[in-house]
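Here is a short, friendly briefing on how some of the helices in this structure are built and packed. Keep the viewer open as you read.

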Amino acid sequence: MGIFSKLLNGLKKTRDSVVRGWRRLLGSFTKIDEELFEQLEETMIMGDMGAETAMQICDRLRDMVRERGITDPNDIMGLIQEIITDMMGEDEALDLSTQPSVVLVIGVNGAGKTTTIGKMCHQLKNDGKRVLVAAADTFRAAAIDQLAVWTERSGVELVRHAEGSDPAAVVFDAISAAKARHCDVVICDTAGRLHNKKNLMQELAKINRIIDREAEGCAKECLLVLDATTGQNAVNQARLFQEVAPITGIVLTKLDGTAKGGIVISIKNELGIPVKLIGVGEKIDDLQPFAAKSFVDALFDRDSAAEETAEESAKTADEAADEAAETADEAADEAAEIADEAADEAAEIADETAEEIAATAEETAEEIAETAEETAEAVEEPAEAPKKRGFFGLFRKKK
Ligand SMILES: Nc1nc2c(ncn2[C@@H]2O[C@H](COP(=O)(O)OP(=O)(O)OP(=O)(O)O)[C@@H](O)[C@H]2O)c(=O)[nH]1
Ligand SMILES: [Mg+2]
């Protein structure tokens, strides 16, 4: 899959809920008025763009509408796209211009630091760079093992110490090794969770000092990894981490599967820190350099929005057809049941009638038989009489 298609796919949920929400809202207005701006601002805040950014966008929108004499609500969408593109500014790539260059990766636990490093190793190695990774998350043995799996997969070097050892010492060793081996890039993984926040911040500050001292004059990146699914909370995390080290760039992970992609705009606008990389999946090639224009194009993409609407309509039609089929089935079942019951009843009635007829027939037969017997008896009697009377009768007759 191409890099833009991946971005398109990754931003599907944000496009579906946020951008389509704006379109729907604008479609419900026939004229541009204050009510429209207010409702738009509200949906922007709900789309994780932050109150400050949403307000700024709407203020600029009001100005543009006035200046350009726009009256059709349908023209607003293009203006929003224009404002956001402008807000995103120029792209900034990673500075890996010296040998070695050092990349310190920080962020709260679960944000995606180790995964991002794994993906970076793969890409840098493919670009022909010699990469060395410092396993400076010594907080858990599993963290070191997880990193070892990624570095092995990409075929890059790893400097590791035992669990619980000083992370700054790992970084120190890694930089020395990188210098000795002429590595191009040193990437330092760090812990996201310590027993308390103060400890974590002190540890990161110490690592940062070691890098400044041991890699003096080298290109240095301090990347803060933020999980896009945390929405506005990511902005607060950035403010906190900024206190321990000057952050040179943001890596925004998990943009796939979240409707909170609007956070990119807020981060860029409110923190002034460039988003340098974005994570659009869990696989090794799911990390992209952030390109604002592609991002905005993918977010506002009309073709996929139309396709998605079509898909949804098709789904609704399918569901309706399924429902109709189900109803028809149920009706047929019911009809069959009624027919069965009627047949049973008819059979019962027929049985009863047959029994009745049989009984009547039996009775009639018995009656006939009885009558026949009586008749037979009656017939038999006169036949015998002349015989009995023959002897006396003759006399009587003759008398
Ligand atoms: N969908 C998706 N998942 C991601 C992305 N990046 C990381 N993840 C997942 O997020 C989870 C946490 O990632 P890790 O790299 O272990 O996070 P970490 O910041 O190193 O966490 P700690 O070591 O605990 O501080 C893993 O299940 C990753 O697969 C991404 O871009 N998209
Ligand atoms: Mg980790």
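Just after helix 8, H182 takes a positive phi of about 55 degrees. Bear in mind as you look at this residue that the model is predicted. The points below start with the helix that leads up to H182, then turn to other helices.

**Helix 8**
- Helix 8 covers residues 167-181, and its 15 residues should span 21 Å at 1.5 Å a residue; the end C-alpha atoms are indeed 21 Å apart, so the two values agree.
- Its buried residues are P167, A168, V170, V171, A174, I175 and A178.
- Looking down the axis of helix 8, you will find these buried residues within an arc of 155 degrees, which means that they line one face of the helix.
- Some background helps here: an α-helix has 3.6 residues a turn, so residues three or four places apart point the same way.
- The cover over the buried residues of helix 8 includes four strands, namely strand 1 (101-106), strand 2 (131-136), strand 3 (157-159) and strand 4 (185-190), as well as helix 9 (197-214).

**Helix 9**
- For the 18 residues of helix 9, the expected span at 1.5 Å a residue is 26 Å, and the end C-alpha atoms agree at 26 Å apart.
- L200, E203, L204, I207, N208, I210 and I211 are the buried residues of helix 9.
- Seen down the axis of helix 9, they fall within an arc of 160 degrees and so line one face.
- K198 and R213 are exposed on the other side of helix 9.
- Packing against the buried residues of helix 9 are helix 8, strand 1, strand 2, strand 4 and strand 5 (220-227).

**Helix 7**
- Helix 7 (residues 141-154) has 14 residues and reaches 21 Å from first to last C-alpha, close to the 20 Å expected at 1.5 Å a residue.
- Within helix 7, A143, I144, L147, W150 and T151 are buried.
- These buried residues of helix 7 fall within an arc of 125 degrees when seen down the axis, so they line one face of the helix.
- The other side of helix 7 has A141, A142, D145, V149 and E152 exposed.
- Helix 6 (113-126), strand 2, strand 3 and strand 4 pack against the buried residues of helix 7.
- Just after helix 7 comes G155, with a positive phi of about 70 degrees.

**Helix 1 with helix 12**
- Helix 1 (residues 3-10) packs with helix 12 (residues 292-300) at an angle of about 50 degrees, their axes 9 Å apart.
- The two helices, helix 1 and helix 12, are therefore oblique to each other, and their crossing is right-handed.
- F4, L7 and L8 of helix 1 meet S294, F295 and A298 of helix 12.

Methods. Residues are numbered from 1 along each chain as its sequence is written. Chains are lettered from A and ligands numbered from 1 in the order in which they are written. This is a predicted model: local features need pLDDT of at least 70, side-chain atom pairs count only at pLDDT 80 or more; totals for chains, interfaces and linings use all residues. The expected span of a helix is 1.5 Å times one less than its number of residues. A residue is buried if 20 or more other C-beta atoms lie within 10 Å of its own, exposed if 12 or fewer, and partly exposed in between; C-beta atoms are placed from the backbone. The arc is that of the directions from the helix axis to the C-beta atoms. Two residues are in contact if their C-beta atoms, placed from the backbone, lie within 7 Å. Axes are lines fitted to C-alpha atoms, for helices over the stretch in contact, and angles run from 0 to 180 degrees between N-to-C directions. Angles under 35 degrees count as roughly parallel, over 145 as roughly antiparallel, 65 to 115 as roughly perpendicular and the rest as oblique. A crossing is left-handed if the near helix is turned anticlockwise from the far one by less than a right angle, and right-handed if clockwise.
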